[in-house]
Amino acid sequence: DDQIERERASQRLSGGCCALAAIYLMGKFYVANAGDSRAIIIRNGEIIPMSREFTPETERQRLQFLAFLRPELLGKEFTHLEFPRRIQPKELGKKMLYRDQNMNGWAYKKIEEDDLKFPLIYGEGKKARVMATIGVTRGLGDHDLKVFSSNIHIKPFLSCFPEVRVYDLTQYEHCPDDVLVLGTDGLWDVTSDKEVAGVVMEVLTSYEPNDPCRYTMVAQELVVRSRGVLKERGWRLANDKLGSGDDISVFVIPLGGPGNYT
């Protein structure tokens, strides 16, 4: 992240990206995630999460705590408090549900002038945004990202530090159908863990266990099914639900057995 910052002037590059890395070392898989990509292990049909997404919702308290400690980062335009909805001026003096950086649940407070500011975190699910701008709270880059039509920098709220999870391959006997799946959010936006596991088993059983291309075909099938077919109303899945319009990258890595090529 520091290198990207140093090079952004000479390379004239802006923007940022998420990062999901898997490293095999001395019998263990280390999976590091900074962003909203996801990794799962499918072992004997069981789904084992190897990452979690970092979004304004999952990191609400970290973001609010930073804003509480350094209110100058909010540029007098935002409040670190969260409300169920936007507060209207006519509601001044009334009681409203809220929560701050220390709260998991909600409590009531009397609405004050500062509460009329735009909330630091606004929206739900995939529509949640930090300062109404970005929906991912960890990753690399975005050093120049600002709130639209303002001089308020968003980078202080974004973290480049990944969460690392460890999986010990020596603790289990793995067959050729046991895999690690890495995918960007374009996959997971429209395809659940269970659906991914279903595609993995469906495709793998149609190839011989020692056929190395079987894993590439699983990745290809996951991309195709998540993208869907382009129709007049956009990308559509087989059930006519909206397909992924985002970029989709998928890796399928065998964990053992005769299908494990090096």
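Phe-83, Arg-85, Arg-86, Ile-87, Asp-115, Lys-117 and Pro-119 line the largest cavity of this structure, which is a predicted model. The volume of that cavity is about 40 Å³. With a threshold of 30 Å³ or more, the count comes to 1 cavity. Its lining divides into 3 nonpolar and 4 charged residues, with no polar ones.

The chain around it can be described in a few numbers. It has 262 residues, of which 42% count as buried. Its secondary structure comes to 5 helices and 17 strands. Along the principal axes, the C-alpha atoms fill a box of roughly 70 × 45 × 40 Å. Among contacts with a sequence separation of 6 or more, 59% are between residues 24 or more positions apart.

Besides the cavity there are pockets to consider. The largest pocket has a volume of about 550 Å³. It is lined by 26 residues, and those closest to its centre are Cys-18, Asp-36, Ser-37, Thr-184 and Asp-185. Three elements give two or more residues to this lining: strand S2 (19-25), strand S14 (179-183) and helix H3 (185-188). By residue class, the lining of the largest pocket divides into 9 nonpolar, 7 polar and 10 charged.

Asp-36 is one of the residues closest to the pocket centre, and its surroundings can be followed further. It is found in the loop between strand S3 (28-34) and strand S4 (38-43). Asp-36 counts as buried because its relative accessible area is 8%, and the cut-off for buried is under 20%. Leaving aside residues up to four places away in sequence, Asp-36 touches Cys-18, Glu-53, Phe-54, Lys-126, Val-136 and Asp-185. Two of these contacts, Cys-18 and Asp-185, also appear among the residues closest to the centre of the largest pocket.

Phe-54, another contact of Asp-36, has a charge placed over its ring: the charged end of Arg-138 sits 4.0 Å from the ring centre. A second arrangement of this kind involves Arg-43, which lies over the face of Tyr-172 at 3.7 Å from the ring centre.

Tyr-172 leads on to the aromatic pairs. The structure holds 4 of them. In one, the ring centres of Tyr-24 and Phe-29 are 5.8 Å apart and the planes are at 65 degrees, so the pair is edge-to-face; the cut-off for that class is over 60 degrees. The two partners differ in exposure: Tyr-24 is exposed, with a relative accessible area of 54%, whereas Phe-29 is buried, at 8%. Tyr-167 and Tyr-172 form a stacked pair, with 5.8 Å from centre to centre and 10 degrees between the planes. Tyr-167 is buried, with a relative accessible area of 5%, while Tyr-172 is partly exposed, at 40%. Tyr-172 therefore has Tyr-167 as its stacked partner and Arg-43 over its face, and its relative accessible area of 40% places it in the partly exposed class. Elsewhere, ring pairs link Phe-78, Phe-118 and Tyr-122 into a cluster.

Two loop residues stand out by their backbone angles. Asn-44 has a phi near 55 degrees, a positive value in a residue other than glycine. Asn-44 is placed in the loop between S4 and strand S5 (46-49), and is exposed, with a relative accessible area of 73%. Ala-132 is not a glycine either, yet has a positive phi of about 60 degrees. Ala-132 lies in the loop between strand S11 (129-130) and strand S12 (140-141), and counts as partly exposed because its relative accessible area is 48%.

A last stop is Ala-67, in helix H2 (residues 60-69). This residue is buried, with a relative accessible area of 2%. Not counting residues up to four places away in sequence, Ala-67 touches Leu-74, His-80, Leu-120 and Phe-157. Ala-67 and Gly-125 are 58 residues apart in sequence, and their C-alpha atoms are 21 Å apart in space.

How values were computed. Residues numbered from 1 in each chain as written. Predicted model: local features only at pLDDT ≥ 70, side-chain atom pairs only at ≥ 80, totals over all residues. Heavy atoms only, no water. Helix = DSSP H or I, 4+ residues; strand = E, 2+ residues; numbered from the N terminus. Buried < 20%, exposed > 50% of the residue type's maximum accessible area, 1.4 Å probe, protein only. Contact = heavy atoms within 4.5 Å. Phe/Tyr/Trp six-rings, centres within 6.5 Å; stacked < 30°, edge-to-face > 60°. Lys NZ or Arg CZ within 6 Å of the ring centre and 35° of its normal. 1 Å grid on protein atoms, 1.4 Å probe; cavity = no way out; pocket = protein on both sides within 12 Å on 5 of 7 lines; lining within 4 Å. Points joined across faces, edges and corners; volume = space filled by probe spheres on them. Nonpolar A, V, L, I, M, F, W, Y, C, P; charged D, E, K, R; others polar.
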